[in-house]
Structure formats: C-alpha cells, structure tokens
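Open your viewer, switch to a cartoon view and keep the selection box handy. We will walk through a few places together, one selection at a time.

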Amino acid sequence: MIKKFIRKILGVKNKSDVASANSKPTVLGPKDHGIDPQLVSANAIRITQTLQENGFKAFVVGGAVRDLLTGVKPKDFDIATNATPEQVKRLFRRAFIIGRRFQIVHVMFGQDLLEVTTFRGAATDGAPKDEHGRVLRDNTFGEQHEDAARRDFTVNAMYYDPATQTVLDYHGGMKDVKKKTLRIIGVPEARYREDPVRMLRVVRFAAKLQFNIDAATRAPIPVMAPLINNVPAARVFDEMLKLLTSGHAMACLQQLRKEGLHHGLMPLLDVVLEQPLGEKFVTLALANTDLRVQQGKPVSPGFLFASLLWHQVVEKWDAYKAAGEFPIPALHLAADDVLNTQTDALAIQRKIGSDMRDIWAMQPRFEKRVGKTPYKMLEHPRLRAGYDFLLLRCASGEIDADLGEWWTDFIDGEAEERERLINSKPKATAAEAGVKKRRPRRRAPRKAAAAAE
C-alpha cells in the first residue's frame, strides 16, 4: 500500500504500465534522426532484409542505433525481430541458438557475428527468480512495444529499419540522446533487482558516452550495489571486460568507485590507487589500453588484468621473500594467492589467468642479462606482452628505466648489437646471475688458532 501511494504521488509507473502507455512509438524519418546509411553494417542489412522478405519484422536495435544517432560507426550490430529463435535459425546457414536466461540467435558471416533476438514480452510474475528477485529464466516473447519496455535505458530502446530508414522511438530516447542523459525504463529499483548487472552497464555507458546519469536512475545504486554479488561470476567478468576495453577504462573505474560498485569486483583496487606508484602504474596501463582501443588495435585481457592486479602480487611477493622464500618461488606463490582470490570474484578464464602468470613470471627474468638467457627470452611466446609490462614498470618509477632501455636495444638490435650489449654490460648482479649471494667463508676458531701456532 505504501509503495503504491508513493508511486501515485510521484507519478511512477510499474513496468506493465510503462509498456501499455508507450505502445505507439514516435516515428523519426531520415531528416529527423540524421543517420548515415553508410555506417550501417552490410550484414545487418542482409539479416533484416532476409527476415522482412520472409514476412517478419526486423530492426537494428540497441547500442547500434544509439551510436548511429551520434554519428559513430557501431562496433556491434544487434537485430530485433518478431521471428522466434527457431524461425531465425532456419533462414541462415550459420545460425546458432544460445542462452538460458533468454534465448538468442548468433548469425555468422565469416568472422562477423551478429546477435538476433526475438521481441520479449512483458515480464510475468511466474518467471523463475532467485531469493533477491533476479530473473533466472524468461523466454516470454511478445510485441515490439513490450520489447522496448524490457530494454534497460531509453537511449538503447530505439529501432532502426534500414529498408525505410526510419527510427521507432518508444520512450523518448532521441530526447535523452540530445540531452546526453542515461535514464532507465520503468522503476529503477525493480529493474536493478531483475538484473543487477544493469548497475555496471549504466556506469560503463556514462563513462563511454560521457552522458549524465538521471537522478532517479542513480539514486538506488549505492543501496542495491551488493546485489551484484548474487550474479554469476562469469557474467560479471564479461561486463568488467567490456568496461575495461570500452576505450574509457580509467573513467569507468573512477565512476565505479564514485557509485560504490567496485566492492566485490576488485576490492583491493582502492588500496592500489591510494599508493603513488600503484596509481601511476594503473593509470599508465589503462591509458595504454584506451589508446589501443581508440586506434582500433587489439587489447589483451591477460595484459590488462595482469596490470590491474600487479601491485597486489608485488605486496604478497615481498611478504613471501621477507618470510625467507626464494624470489622465484615467492613470485609464483604470490600469483597463486591473487589469482585464487580474484577468480572467485571475477571468474577469470583459465587462458587469461595463464597469460597473466606468464607476464608476471617474466619480470625477474628480464633482470638476467648475461649468457644465453636474453636470447631464450626472445623465443618466449609472450615476449611482447612481458616487455610492454616491463616498460610500464619503468615508466611508473617502480624499477630503473635503464633496464627497459637495454631490452629495447636488445630486441630491436641486430646480432652484433645484441652481442655488444651483453659483453659491454657491467658485472652481473646476483639477480641476473641467478645465484644467491654468499658470505665469505669464515674459518673455525680452532683452525685459526692452529694456523697461528
């Protein structure tokens, strides 16, 4: 009763009310939306055309439309249709139905993957949920206006038809794009409870698009943030990876901290960012990642997470060495500790974890610049990642810049130059020689006395 009274006073509607109230969209023509057809994927056009020729509705939807409206070529194109997953699958040679929570179809054209979803119907109270209200499975199909109400933010709830070049806007998404505002569709508390990952998504979109978060959309986040702990770790990891490879990684992390969403994801990140060397290292790593994304270059998740967690490894590494462990075994023990902790929180994939270990394990080996060791390092499959990581450590002031310069010259040099670098190097240190310094042997008192006689 109290909730109903508050909603009546504030004019807040529940989701079914939102869907029925917005059953007719605002239709925007080419002059209204200004989308450049040349920015639309040829394969997205091919899918919508094939579905329409077979009697179905089909539209480009979601983030792709949002990006097209801002003049940006979308990285991914999603398609929405009234065809069921089975009907979609029959129309395309390389199509695969996936998903448990909600079935979707992946359609492949060479290496290009496009996601096709069936219009979702209004959520039902009978959909399986966990004890916190998160929807576990919901394959209810429905009408387009119901599908629009089920989408998360107004700017992601617009549909573009390449054939007619029209945009269907059900929830004022075009106005919010112009105002650079992120506004959730429906009651924020209910939408976050259904899927807590939406709280991470609003942070990512705000940082990436440089949009403001609507006050009502932001208000429940600090209170409801713990619900993310109930989301499967694999989904959280996927969202974190999208966030960190958005091209605005540092802004995303800062926004996470601002909204109180980083706890449980990378709870020790605060400690790292409060230390001068740690903050500089992470800032440089994320800036490097953002630059690669903006230049269209590939980004290694292993390198990215190895950078974010490095100072946690260093802290534990130092602790093991102080306890009497030899440096190399101590480093492996530290890596195990950090990865085991973060795997529970983020479900870091085995391949990514293996890459992280390789990058970390290479760091002491860079200090050994004698004999055949540098030549063996050149054959290491992860040399480039390990070397780039070494340069980050030098740039942050963690280690002497001379080490990075020596390796730059060695990697780029010809055979004669490499030989000169090894031969001209000062006498190897204990770390480079790979041996432990020994104290001079002291004679036993008896032998010393006998020698004196």
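Start by selecting Ile79 and Val116: Ile79 stands opposite Val116 in strand E6. You are looking at a predicted model, so keep that in mind as we go.

**Stop 1: from E3 to E6**

Now widen the selection to both strands. E3 covers residues 78–81, and E6 covers residues 112–118. The two run parallel and are joined by four bridges.

**Stop 2: the hairpin of E5 and E6**

Keep E6 highlighted and add strand E5, residues 104–109. This pairing is antiparallel, with six bridges. For a landmark, pick His106, which has Glu115 of E6 opposite it. Then move to the turn: two residues lie between the strands of this hairpin, and Gly110 has a positive phi near 65° there.

**Stop 3: strand E2 and its partners**

Go back to E3 and add E2, residues 58–61. E2 and E3 pair antiparallel over four bridges, and Ala58 sits opposite Thr81 of E3. Next, select strand E7, residues 158–161, which runs antiparallel to E2 and is joined to it by two bridges. Here the pair to click is Val61 and Tyr159 of E7, which stand opposite each other.

Now show the side chains of E2. Which way do they point? Ala58 and Val60 go one way, while Phe59 and Val61 go the other. Ala58, Phe59, Val60 and Val61 are all buried.

**Stop 4: a pair of helices**

Clear the strands and select helix H22, residues 401–412, with helix H23, residues 415–424. Their axes are 8 Å apart and the helices pack at an angle of about 150°. Angles over 145 degrees count as roughly antiparallel, so H22 is roughly antiparallel to H23.

Turn on side chains where they meet. From H22, show Trp406, Asp409, Phe410 and Ile411; from H23, show Glu417, Arg418, Leu421 and Ile422, which they contact. Coloured by class, this contact between H22 and H23 has five nonpolar and three charged residues, and no polar ones.

**Stop 5: cysteines**

Finish by selecting two cysteines, Cys252 and Cys394. Are they buried or exposed? Cys252 has 0% relative accessibility, so it counts as buried. Cys394 is buried too, with a relative accessible area of 11%. How many disulfides does a search of the whole structure find? It finds zero.

Terms used
Residues numbered from 1 in each chain as written. Predicted model: local features only at pLDDT ≥ 70, side-chain atom pairs only at ≥ 80, totals over all residues. Heavy atoms only, no water. Buried < 20%, exposed > 50% of the residue type's maximum accessible area, 1.4 Å probe, protein only. Pairing = 2+ DSSP bridges. Axes fitted to C-alpha atoms, helices over the stretch in contact; angles between N-to-C directions. Parallel < 35°, antiparallel > 145°, perpendicular 65-115°, else oblique. Contact = heavy atoms within 4.5 Å. Nonpolar A, V, L, I, M, F, W, Y, C, P; charged D, E, K, R; others polar. Disulfide = S-S within 2.5 Å.
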